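This report walks through helices, core packing, aromatic pairs and charge pairs. Please have the sequence and the model in view.

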Amino acid sequence: MNNRSEYKKTTTLKELTYSPKILIAWKQAIAGDKRIRKWLTENGYKELGIFCYALKNDFKAKEWLFKNGYPHLLALINAAEGDQKALLWLSNLKFELLFHMGKAADSYIESKKFLQLKDPLLLAISLEMEKV
């Protein structure tokens with residue numbers, strides 16, 4: 001099946017609301033901490049654990065994010081890879097922080113400055129994504 005046609009189907013967007021403790025764990029999982037990634041996956045934050053695999057271009061992980069209500073996390077990954085359609089989608093749906101996280105992870109200084117002022121923890125996550 002054509003990969004692009006899979007992503008054109010509609011899905012429900014699940015809310016992304018996490019405590020600072022969980023965001024710090026996500027940052028560590030992105031950095032490669034397998035123990036924390038496993039903990040996230042098994043303790044109610046499966047999407048954040050799966051995100052780590054999707055960030056490394058695991059197609060099944062990307063598909064899982066899309067099919068399970070997290071296309072905005074998939075768009076974040078695509079935005080970090082410079083995908084203009086993903087950036088436009090995030091912008092149109094008013095995902096301002098995810099938009100800037102994607103751009104910051106793609107080395108855009110303006111978005112790094114924006115996140116530094118708005119949410120330094122999201123900047124730290126973006127900088128970890130930038131390394132991948």
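## A surface patch

W89 sits in helix α7, which spans residues 84–92. The model is a predicted one. W89 joins L13 and L93 in a nonpolar surface patch of about 240 Å².

How accessible is W89? Its relative accessible area is 31%, so W89 is partly exposed. That value also clears the patch cut-off of over 30% relative accessible area.

## The nonpolar core

In soluble globular proteins, nonpolar side chains tend to be buried together. Here the largest nonpolar core has 38 residues. Which of them touch the most other members? They are W26, F51 and M129.

F51 shows how this part of the core is connected. Setting aside neighbours within four places in sequence, F51 contacts W26, I30, L65, L73, L76, I77 and M129. W26 and M129 thus appear both in the contact list of F51 and among the residues that touch the most other core members.

## Helix α4 and its cover

Helix α4 runs over residues 46–55. Eight of its ten residues are buried, so the helix is largely enclosed by the rest of the structure. The buried residues are E47, L48, G49, I50, F51, C52, A54 and L55. F51, described above for its core contacts, is one of them.

What covers these residues? The cover includes α2 (20–30), α3 (34–42), α5 (59–67), α6 and α10 (120–131). Just after α4, N57 takes a positive phi of about 65 degrees.

## A buried glutamate

E47 lies in helix α4. Is E47 buried or exposed? Its relative accessibility is 6%, so E47 counts as buried; the cut-off for buried is under 20%.

Beyond its neighbours within four places in sequence, E47 is in contact with Y18, W64, L65, Y70 and L73. The C-alpha atoms of E47 and L73 are 8.4 Å apart, while the two residues are 26 apart in sequence. L65 and L73 are also contacts of F51.

## Helix α6

Helix α6 covers residues 71–80. How many of its ten residues are buried? The count is ten, so by the under-20% cut-off the helix is mostly covered.

The buried residues include the nonpolar L73, L74, L76 and I77, along with H72 and N78. L73, L76 and I77 are in contact with F51. Just after α6, G82 adopts a positive phi of about 85 degrees.

## Aromatic pairs

A pair of aromatic rings is described by the distance of the centres and the angle of the planes. The whole structure holds five aromatic pairs. In one of them, the ring centres of W39 and Y45 are 6.1 Å apart and the planes meet at 20 degrees, so the pair is stacked.

Both partners reach the surface in part. W39 is partly exposed, at 39% relative accessible area. Y45 is partly exposed too, at 23%. Ring pairs also bring in Y18, giving a cluster of Y18, W39 and Y45. Y18 is, in addition, a contact of E47.

## Salt bridges

Side chains of opposite charge can pair when their charged atoms come close. The structure has four salt bridges. One of them joins K27 and E128, with the closest N and O atoms 3.6 Å apart. This pair links distant parts of the chain: K27 is in helix α2, E128 is in helix α10, and 101 residues separate them. Both K27 and E128 are buried. For E128 the relative accessibility is 11%.

E128 also forms a salt bridge with K131, the closest N and O atoms being 3.5 Å apart. K131 and E128 both lie in helix α10, three residues apart, about one turn of the helix. K131 counts as exposed, at 64% relative accessibility. K27, E128 and K131 are therefore linked in a network of salt bridges.

E63 and K67 form another salt bridge, with 3.5 Å between the closest N and O atoms. They are four residues apart in helix α5, so about one helical turn separates them. K67 is exposed, at 51% relative accessibility.

How values were computed. Residues numbered from 1 in each chain as written. Predicted model: local features only at pLDDT ≥ 70, side-chain atom pairs only at ≥ 80, totals over all residues. Heavy atoms only, no water. Patch = residues over 30% accessible without salt bridge, like charges linked within 9 Å, V, L, I, M, F, W, Y side chains within 5 Å. Areas by Shrake-Rupley, 256 points an atom, 1.4 Å probe, with all protein chains shown as cover. Salt bridge = Lys/Arg side-chain N within 4 Å of Asp/Glu carboxyl O. Helix = DSSP H or I, 4+ residues; strand = E, 2+ residues; numbered from the N terminus. Buried < 20%, exposed > 50% of the residue type's maximum accessible area, 1.4 Å probe, protein only. Core = buried A, V, L, I, M, F, W, Y, C linked by side-chain atoms within 4.5 Å. Contact = heavy atoms within 4.5 Å. Phe/Tyr/Trp six-rings, centres within 6.5 Å; stacked < 30°, edge-to-face > 60°.
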